[in-house]
Amino acid sequence: MLLISLFHACWMSVWGGTPDTTQKVVVRQVQLIGNFRTKERIIRREMDVKGGDTLTVFKLDSLLEYDRRKILNTNLFLSVELKKKVVVDTTQLPFYTADAKWMGGLAMVDIEVVLKEQWYLLAFPVFELADRNFNEWWYERGRDLSRTIYGVYALHQNLTGNNDRLRLRAEFGFIPRLDIYYSIPYLDKKQRTGITIGILRITNRSLAYRTNRDKLSFLGSDERTRERIVPYLTLTHRPKFYGYHSFSAQYSMTNVTDTIARLNPNYFLGGKSRQRYLQLSYSHFYDRRDRGQYALRGFIYGFYVSKIGVLPSDDVDILEATFNWGQYIPLAKKLYFSYLTELKVATPARQPFLQTRGMGYGGDLVRGYELYVIDGPHYSYLKTNLRYQLLNRTFNLSKFIKLRQFNALPVAIYPNIYADVGYVRNPYPELNNSQLANRPLFGFGVGMDVVTWYNFVGRINYSFNHLGEARPYFAIGREF
């Protein structure tokens, strides 16, 4: 009876119906449960809370939520839960701090980190489109099935249990490609410095050799029109939790046929058919989002500086810098607002076509202009989004699927509205007859995002732009 009374008193004083959040507690130990492959040090690297800490109840709860997010953002686990357990110990002695200050008999807790690991080995056949996105293939390339890529993609996300990755991507068909890399986040005992090493080889038969009126122009051929080989090395440094630094070096070797050089003398500038250069770059980003794969709260910022052409014999001499900032703000229950802005500048103004990447590649675009490529050494854009959480549920499939990595199906659905604005500065618009450079771009629309297993996100948007165009756009992929 005495034991029950002590337990009840301890519980109510620390986490009762009206808790005293200024009450201090001692963390006796932190236990990890469910990390069958992942090394303990990789998980503990993400945690502020450690055994022996003395914290207020409020501070402990806050740190545990941040620790849960950080562990989840390693992309090693399907779910992460941090549980507090009150320790009932009638033999507990008064607690003294390191400077011998008496703290009285403090409540003591254990922390359990309950983890559900992902399926780390992903291997599946590749069958995809060769164009920039589904929308370009659907609307601009006549849904030509010959413009497909097939092969195999294999990725182990936790090869030795140290959050290290080994990737092999071997593709054939429209654009043969071989991409191999190995990455380990921590080489040192303090778990701050990591390395990535790899090599990329791409062979093109059909090649986008220029843009005209903000659309890519392709040359089709039965023979190779371009071959590119890029070995690369990246060193990463993560001194604490949220800030990342990386230093990269890559050597690019690219050859094109004489036909490409004649059709677009600016492909490498001066009608050249080969290009060699060493590129050095530095990047830093700071990520305080709740989840990197599909954030709803927090912020992120980063910048990137690159020197393309370092050696005296290099064929390119470009200096470029990019800065971005994004914030994710909960407005009300299930209602979220976000914005993302990016600015890029580069010098000199006249650059080879291969290095002139304005807007229209990857996520660097104003929604509503997915079918366009807007060349220019400088650009900026602002994306805004207002989304509503229509559904966020995990379905139990254990009756049908026995593998623990697949027997829970998370599904989240977010209808949203968005509005974007952007601008591309191109000092030489006459080289590609650009109609969209050097003028403001506006796009807006409505959409639906579906987030599910292993960071897969599906999107359908209906967008409008300043040209009066309105159509649906689709995207599906895995976000890391």
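## Exercises on a predicted model

At 7% relative accessibility, N465 counts as buried, where buried means under 20% relative accessible area, exposed over 50% and partly exposed in between (1.4 Å probe, protein chains only). This is a predicted model, in which local features need pLDDT of at least 70 and side-chain atom pairs count only at pLDDT 80 or more, while totals for chains, interfaces and linings use all residues. Residues are numbered from 1 along each chain as its sequence is written, and side-chain values use heavy atoms, with hydrogens and water left out.

**Exercise 1.** Describe the surroundings of N465, starting from its strand.

*Solution.* Step one: locate N465 in strand 22, residues 456–465; strands (E, at least two residues) and helices (H or I, at least four) are DSSP runs, numbered from the N terminus.

Step two: look for polar contacts, meaning pairs of N or O atoms within 3.5 Å; within protein, one must be able to donate a hydrogen and the other to accept it, and residues adjacent in sequence count only if both atoms are side-chain atoms. The N465 side chain reaches the backbone oxygen of G368 at 2.9 Å, and has a polar contact with the side chain of E469, also listed at 2.9 Å.

Step three: list the contacts (heavy atoms within 4.5 Å). Leaving aside neighbours within four places in sequence, N465 touches G368, Y369, Y372, F442 and G443.

**Exercise 2.** Classify the ring pair Y267 and F268.

*Solution.* Start with the rule: rings of Phe, Tyr and Trp (its six-membered ring) pair if their centres lie within 6.5 Å; planes under 30 degrees apart are stacked, over 60 edge-to-face, and the rest tilted. The count by this rule is 17 aromatic pairs. For Y267 and F268, the centres are 5.1 Å apart and the planes stand at 70 degrees, so this pair is edge-to-face. Finally, check burial: Y267 and F268 are both buried.

**Exercise 3.** Find which rings have the charges of R350 and R357 over them.

*Solution.* The test asks for NZ of Lys or CZ of Arg within 6 Å of the ring centre and within 35 degrees of the ring normal. R350 lies over the face of Y428, 5.4 Å from the ring centre. R357 has its charged end over the ring of Y361, at 4.1 Å from the centre.

**Exercise 4.** Put the parts in the setting of the protein.

*Solution.* Begin with the elements: there are five helices and 23 strands. Next, take burial: 44% of the 480 residues are buried. Last, of the contacts between residues at least 6 apart in sequence, 61% join residues at least 24 apart.
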